[in-house]
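Biologist: I should like to learn how to read the features of a structure such as this one. Please take me through them one at a time.

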Number of protein chains: 2
Amino acid sequence: MGLVAVENDILKSALLRIQAEVDETFDAFLPAPDDARAPLVEAMRYAAIGGGKRVRPLLLVATASLFGVDREAAVNAGCAVEAIHAYSLIHDDLPCMDDDDLRHGKPTLHKAFDEATAVLAGDSLHALAFDILTRPDTSSDPFVQSELVRCLALASGHEGMAGGQVMDMAAEEQNYDLRQVTRLQQLKTGALLAASVEMGSILGRVPPDGRAPLRGYARDIGLAFQIADDLLDIEGDEARAGKALRKDEGQGKATFVTLMGIDKARAQARMLVEQAVGHLAGYGDDAALLAALARYIVERDR
Amino acid sequence: MGLVAVENDILKSALLRIQAEVDETFDAFLPAPDDARAPLVEAMRYAAIGGGKRVRPLLLVATASLFGVDREAAVNAGCAVEAIHAYSLIHDDLPCMDDDDLRHGKPTLHKAFDEATAVLAGDSLHALAFDILTRPDTSSDPFVQSELVRCLALASGHEGMAGGQVMDMAAEEQNYDLRQVTRLQQLKTGALLAASVEMGSILGRVPPDGRAPLRGYARDIGLAFQIADDLLDIEGDEARAGKALRKDEGQGKATFVTLMGIDKARAQARMLVEQAVGHLAGYGDDAALLAALARYIVERDR
């Protein structure tokens with residue numbers, strides 16, 4: 001079996017495993033309440049369970065496994081990142097934002113429920129993330145809990161994901177250059193991917209000055225991920241993606257692909273992935289899953 | 001000078017002081033960025049600075065002062081609670097929720113900016129709360145930071161404020177009885193008020209089994225606060241309130257006032273306040289501000 005086939009096997013089983021674990025964990029965290037809050041929790045479950053590739057939880061768990069972190073703890077922390085990711089998708093899909101009807105191949109939350117429930121389910125998943133990070137079964141060490149919270153709060157707020165989202169909203173009129181598109185994507189997509197790796201390191205008690213290689217890895221796959229998204233937006237299949245594509249083009253937004261062209265963008269994504277894998281050299285075979293995940297990020301078809 | 005006059009003096013200067021401190025702290029936490037995120041931070045500042053009575057930060061600071069907590073630390077934690085309160089008002093005011101045009105006497109955020117910016121500014125203030133709680137100048141002790149985060153996350157999510165909000169949305173069709181309205185309000189308004197007092201106790205390193213009197217105080221003022229709000233909604237002056245009133249009535253929603261009548265509701269609020277003040281007996285004169293704040297909550301005219 002060649003290297004790519006081995007990597008594909010490792011990755012396929014790892015993805016299936018984390019998808020099941022994330023679903024089970026959210027199921028346990030979100031029992032249906034016996035009062036009028038039931039529709040809210042039902043909406044949170046609709047958004048959090050049974051959808052998405054779970055790239056962020058897998059990144060976190062794969063990083064944590066380098067340092068022998070307890071699996072349940074890492075899955076919990078992965079669910080915290082995924083709760084933030086899920087809330088951001090709910091709010092992004094709202095009519096006043098991207099106005100999307102389809103997500104993960106099913107109706108978006110405000111279509112399946114209503115807009116008010118969608119706003120509040122997003123807000124509640126946002127709060128749930130920080131609830132999860134301060135549970136004793138995520139970490140029994142308050143120092144670790146606090147560092148996890150700080151990392152995720154900074155990655156998701158105005159200095160991270162939400163900031164990137166606002167830069168993206170202004171993209172149509174701002175005519176960004178490559179430097180600005182890179183900055184936008186580092187915040188919008190990169191911050192949460194980087195936080196996933198960082199939180200794995202935090203759980204693994206890697207001191208900040210020992211995190212440079214993993215931070216390099218996370219930075220490179222973050223950009224590669226977005227270039228791949230831009231390529232899929234142009235070339236992808238809507239049915240497979242489970243969401244509307246080719247929206248950037250219609251809006252005349254600058255993306256990596258419009259600025260670099262398809263071929264150069266694809267070459268750049270591949271170069272970034274090889275660079276990302278290079279950062280893992282010091283971890284040897286233990287980092288095979290992170291390497292496979294990096295390659296999956298540019299090769300995926302949805 | 002009678003007791004009420006003294007209390008009024010204590011309270012008036014305490015409110016002015018905390019209002020200035022909260023504004024200064026948010027001003028310091030939210031410098032304008034030098035990129036396309038500027039409108040987002042401007043919107044966060046619009047919502048967080050210069051509006052609101054700051055009852056929650058004052059509750060937190062007044063509780064913390066019973067235990068000699070550093071003032072800056074308590075003000076920071078108060079700003080975290082206020083950031084959650086501010087985000088909830090932004091999202092509640094959205095067209096898909098209460099569709100309000102006026103808040104604190106000025107246009108609501110989605111009117112002054114736009115809906116997408118309002119959603120994201122709310123989300124960013126939500127994240128900012130947890131950023132603030134894990135800053136070293138809020139607490140240098142990770143155990144305290146983690147307990148603060150956990151308290152605020154639980155109070156604001158589906159088991160707290162957002163859960164109460166969904167119960168409130170269902171109120172028109174559900175025809176709640178007094179027990180259900182009480183439960184709704186304990187979540188919608190009470191959870192964050194109680195968290196303010198609890199977080200003051202956490203900063204003061206009061207062990208959980210020593211917090212019963214303050215929890216009793218918080219529970220009672222939480223309900224009194226909401227009854228007072230219901231009374232203001234019926235009897236208040238829109239110009240003073242700085243927001244639209246008499247909306248519950250028009251929607252046929254069950255409230256404390258519709259279920260109990262105006263006179264009995266007012267008597268109940270006063271009884272709750274005296275009961276709340278009774279819980280403070282063990283703290284003697286040190287608790288004068290908390291007592292004054294309890295009385296203010298039912299006597300306020302906005």
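Modeller: Let us begin with one residue, B:Val298, which lies in helix α16 (residues 288-299) of chain B. Helices (H or I, at least four residues) and strands (E, at least two) are DSSP runs, numbered from the N terminus. The model is a predicted one, in which local features need pLDDT of at least 70 and side-chain atom pairs count only at pLDDT 80 or more, while totals for chains, interfaces and linings use all residues. Residues are numbered from 1 along each chain as its sequence is written, and chains are lettered from A and ligands numbered from 1 in the order in which they are written.

Biologist: Is B:Val298 buried or exposed?

Modeller: A residue is buried if 20 or more other C-beta atoms, placed from the backbone, lie within 10 Å of its own, exposed if 12 or fewer, and partly exposed in between. B:Val298 counts as buried because it has 20 C-beta neighbours inside 10 Å.

Biologist: Which residues does B:Val298 touch?

Modeller: Two residues are in contact if their C-beta atoms, placed from the backbone, lie within 7 Å. Not counting residues up to four places away in sequence, B:Val298 touches B:Ala224, B:Ala228, B:Ala269, B:Arg270 and B:Val273. On the same footing, the contacts of B:Ala224 are B:Ala269, B:Leu272, B:Val273, B:Ala276, B:Ile297 and B:Val298. As for B:His158, its C-alpha atom is 27 Å from that of B:Val298, and the two are 140 residues apart along the chain.

Biologist: Which residues touch the most other members of the largest nonpolar core?

Modeller: A nonpolar core is a set of buried Ala, Val, Leu, Ile, Met, Phe, Trp, Tyr and Cys residues joined through C-beta atoms within 7 Å. The largest one here has 200 residues, and A:Leu152, A:Ala224, B:Leu152 and B:Ala224 touch the most other members.

Biologist: How does one check the length of a helix, for example α16 of chain A?

Modeller: The expected span is 1.5 Å times one less than the number of residues. The 12 residues of α16(A) should therefore span 16 Å, and the end C-alpha atoms are 16 Å apart, in agreement. This helix is mostly covered, with 10 of its 12 residues buried; among them are A:Leu289, A:Tyr296 and A:Val298. In chain B, helix α6 (residues 115-133) has 19 residues and reaches 28 Å from its first C-alpha to its last, close to the expected 27 Å. Since 17 of the 19 residues of α6(B) are buried, this helix is largely enclosed by the rest of the structure.

Biologist: What can be said of chain A as a whole?

Modeller: Chain A has 16 helices and two strands, and 52% of its 302 residues are buried. Along the principal axes, its C-alpha atoms fill a box of roughly 55 × 45 × 40 Å. The radius of gyration is taken over C-alpha atoms, and the globule rule is 2.2 Å times the number of residues to the power 0.38. For 302 residues a compact globule would have a value near 19 Å, and chain A agrees, with 19 Å. Of its contacts with a separation of 6 or more, 73% join residues 24 or more positions apart.

Biologist: How are chains A and B related?

Modeller: Two copies of a chain are related by a rotation about an axis and a shift along it. Here a turn of 180° and a shift of 0.0 Å along the axis lay chain A on chain B with an RMSD of 0.0 Å, by least squares on the C-alpha atoms of residues with pLDDT of at least 70 in both. The two copies are thus related as by a two-fold rotation axis. The same surface serves both, for 100% of the contact residues of chain A recur in chain B.

Biologist: How many residues of each chain are in contact with the other?

Modeller: In chain A, 42 residues are in contact with 42 residues of chain B. On the side of chain A that touches chain B, α6(A) supplies the largest share, 11 residues.

Biologist: What is notable about the phi of A:His104?

Modeller: Most residues other than glycine have a negative phi. A:His104 is not a glycine, yet its phi is positive, about 55°. Its place is in the loop between β1 (102-103) and β2 (106-107) of chain A, and it counts as partly exposed because it has 16 C-beta neighbours inside 10 Å. B:Arg205 also has a positive phi, near 55°, and is found in the loop between α10 (178-203) and α11 (212-235) of chain B.
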